[in-house]
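Let's take a walk through this one together, from strands to helices to the place where the chains meet. Keep the structure open as you read.

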2 protein chains.
Amino acid sequence: MTVEAAVAQLKKGGMIAIYDGDEREGEADLIFHASFARPDSIETLRRDAGGLICLALDGDVAKKLDLPFYTDILAASNHPVSRMECKKTAYGDKPAFAIPINYKGVYTGITDNDRALTIRIMAELIESDSKDMQERFVNDFYSPGHIFLLIGRGIENRKGHTELTLELARKAKMKGVMVLCEMLGSGKALSRKDVKEYVKRNKLVFLEGKDLWQK
Amino acid sequence: MTVEAAVAQLKKGGMIAIYDGDEREGEADLIFHASFARPDSIETLRRDAGGLICLALDGDVAKKLDLPFYTDILAASNHPVSRMECKKTAYGDKPAFAIPINYKGVYTGITDNDRALTIRIMAELIESDSKDMQERFVNDFYSPGHIFLLIGRGIENRKGHTELTLELARKAKMKGVMVLCEMLGSGKALSRKDVKEYVKRNKLVFLEGKDLWQK
């Protein structure tokens, strides 16, 4: 029932708060499908959520773009700082970060207008599923930028916000390209209770990680 | 006079808004010295400024840490995405980004507590100016993380927020390790007028880029 409500919300371009679980990060991300990104939704993320605004891509999409994990780039560089590679975070997973990008048509890249633009052009590229996708990706975007690409490892392998968010897109039969941002409270992650209150106040949908992977 | 007020503000741990100029990004960053980073100051940056929370390091500090620019890592990786390297932004400069890090003692890395911790431990490391600085940097932090390191190219070479901020630290005779975050308004960068009002309301100091480099 909750998942159905979340799927309906996703399809109409609305936001959903996904709480991963007390045993993992104990954190909710505010998410929506990238094709609906507009300056005002980016503004909502930065004002109400407060974390890093990221764009999660399905593993098969990343493959088509020839998009590596950030750690692959760091390791391949053979620079002394490649020893700093994060193999496992405090909550037990490998990081989901790929590279940070901007669309070449932006100015600084960080404004609501610019972040919405980078995300929407990426969504259009991925939804086109064209043969020259990789070529267009490399030509139309640059790195470093202000949109942090993430790559999903599949819900069966990792149960982070990246995978949970992409699993919801899969259930909604939408392309795996999703915007997400951590919901923060004073000092710590926004509490489960405060997340639920925010969701209620703004008529959004609240979802728990296990709703998406528990049989 | 303004610069003197900014130096005094910096020394007591206060925030300063630096507006780069209409001819460049047309944007103000909210800044303070990294040694004063606390969870509540990080919360102020994410709530009131809204951009990316970064940590700018002087070129000579970066050298001691053997810290490369992100673009150096990307190029050295020889991965197909290295063709995406940003050589020049829309406002004419090379990007200042180095690598993103977290202190190994954090949990997720993104909360106010975690970001303040990463920044403060970095400030302590840099202020120690110890011989094993590079070793401690590589051992105590991991990448990717949630604090975006920037490297200053010197005010004579680049007049971005990174260099302006570090120039102010230099004038205050403080170590070149500074926290900064872009001030955003709806859609666009926060206007010069709104920045000045925010500064007045919160008893901060407003500085223009040219105050720091014009003779």
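**From one bridge outwards**

A good place to start is a single residue pair: A:L55 has A:V179, in strand 6 of chain A, as its bridge partner. Bear in mind that we're looking at a predicted model. That pair belongs to a ladder between strand 3 (residues 54–57) and strand 6 (residues 177–182) of chain A, which run antiparallel and share four bridges.

Zoom out and you'll find an open sheet in chain A, with seven strands in the order 4-5-3-6-2-1-7 and mixed pairing. At its edges stand strand 4 (97–103) and strand 7 (205–208) of chain A; each has a single partner strand, so one side of each has no neighbour in the sheet. On average, neighbouring strands here are turned by 40° against each other, ignoring direction. Something also lies across this sheet: helix 1 (residues 2–11) of chain A covers strand 1 (16–19), strand 2 (28–33) and strand 7 of chain A, and runs at about 130° to strand 7 of chain A.

Now hop over to chain B. Here too there's an open sheet of seven strands, ordered 4-5-3-6-2-1-7, with mixed pairing. Its edge strands are strand 4 and strand 7 (205–208) of chain B, each pairing on one side only. At one of those edges, strand 4 of chain B pairs with strand 5 of chain B in the antiparallel sense over five bridges, and B:Y103 finds its bridge partner, B:F141, in strand 5 of chain B.

What lies across the chain B sheet? Helix 7 of chain B does, passing over strand 1 (16–19), strand 2 (28–33), strand 3 (54–57), strand 5 and strand 6 (177–182) of chain B, at about 140° to strand 6 of chain B.

Helix 7 (residues 161–171) of chain B also has a helix for company. Its axis and that of helix 1 (residues 2–11) of chain B come within 9 Å and cross at roughly 80°, so helix 1 and helix 7 of chain B are roughly perpendicular to each other. The residues that meet are B:V3, B:A6, B:V7 and B:L10 from helix 1 of chain B, and B:L168, B:A169 and B:K171 from helix 7 of chain B. By type, this contact between helix 1 and helix 7 of chain B has six nonpolar residues, no polar ones and one charged.

Helix 2 of chain B is worth a stop as well. Its buried residues are B:I42, B:E43, B:L45, B:R46 and B:A49, and their cover includes strand 2, helix 5 and strand 6 of chain B. Just past the end of helix 2 of chain B, B:G50 takes a positive phi of about 95°.

Next, the core. The largest nonpolar core holds 150 residues, and those with the most contacts inside it are A:A17, A:L55, A:L150, B:A17, B:L55 and B:L150. So who surrounds B:L55, leaving aside its neighbours within four places in sequence? B:L55 is in contact with B:A34, B:I119, B:M122, B:I147, B:L149, B:L150, B:V177 and B:V179.

Last stop: the contact between the chains, which takes 49 residues from chain B and 49 residues from chain A. On the chain B side, the elements giving two or more residues are helix 2 (39–49), helix 4 (70–77), strand 4 (97–103), helix 5 (112–128) and strand 5 (141–151) of chain B. That side of chain B divides into 26 nonpolar, 12 polar and 11 charged residues.

Definitions and conventions: Residues are numbered from 1 along each chain as its sequence is written. Chains are lettered from A and ligands numbered from 1 in the order in which they are written. This is a predicted model: local features need pLDDT of at least 70, side-chain atom pairs count only at pLDDT 80 or more; totals for chains, interfaces and linings use all residues. Two residues are in contact if their C-beta atoms, placed from the backbone, lie within 7 Å. Ala, Val, Leu, Ile, Met, Phe, Trp, Tyr, Cys and Pro count as nonpolar, Asp, Glu, Lys and Arg as charged, and the others, Gly among them, as polar. A nonpolar core is a set of buried Ala, Val, Leu, Ile, Met, Phe, Trp, Tyr and Cys residues joined through C-beta atoms within 7 Å. A residue is buried if 20 or more other C-beta atoms lie within 10 Å of its own, exposed if 12 or fewer, and partly exposed in between; C-beta atoms are placed from the backbone. Axes are lines fitted to C-alpha atoms, for helices over the stretch in contact, and angles run from 0 to 180 degrees between N-to-C directions. Angles under 35 degrees count as roughly parallel, over 145 as roughly antiparallel, 65 to 115 as roughly perpendicular and the rest as oblique. Two strands pair if DSSP finds at least two bridges between them.
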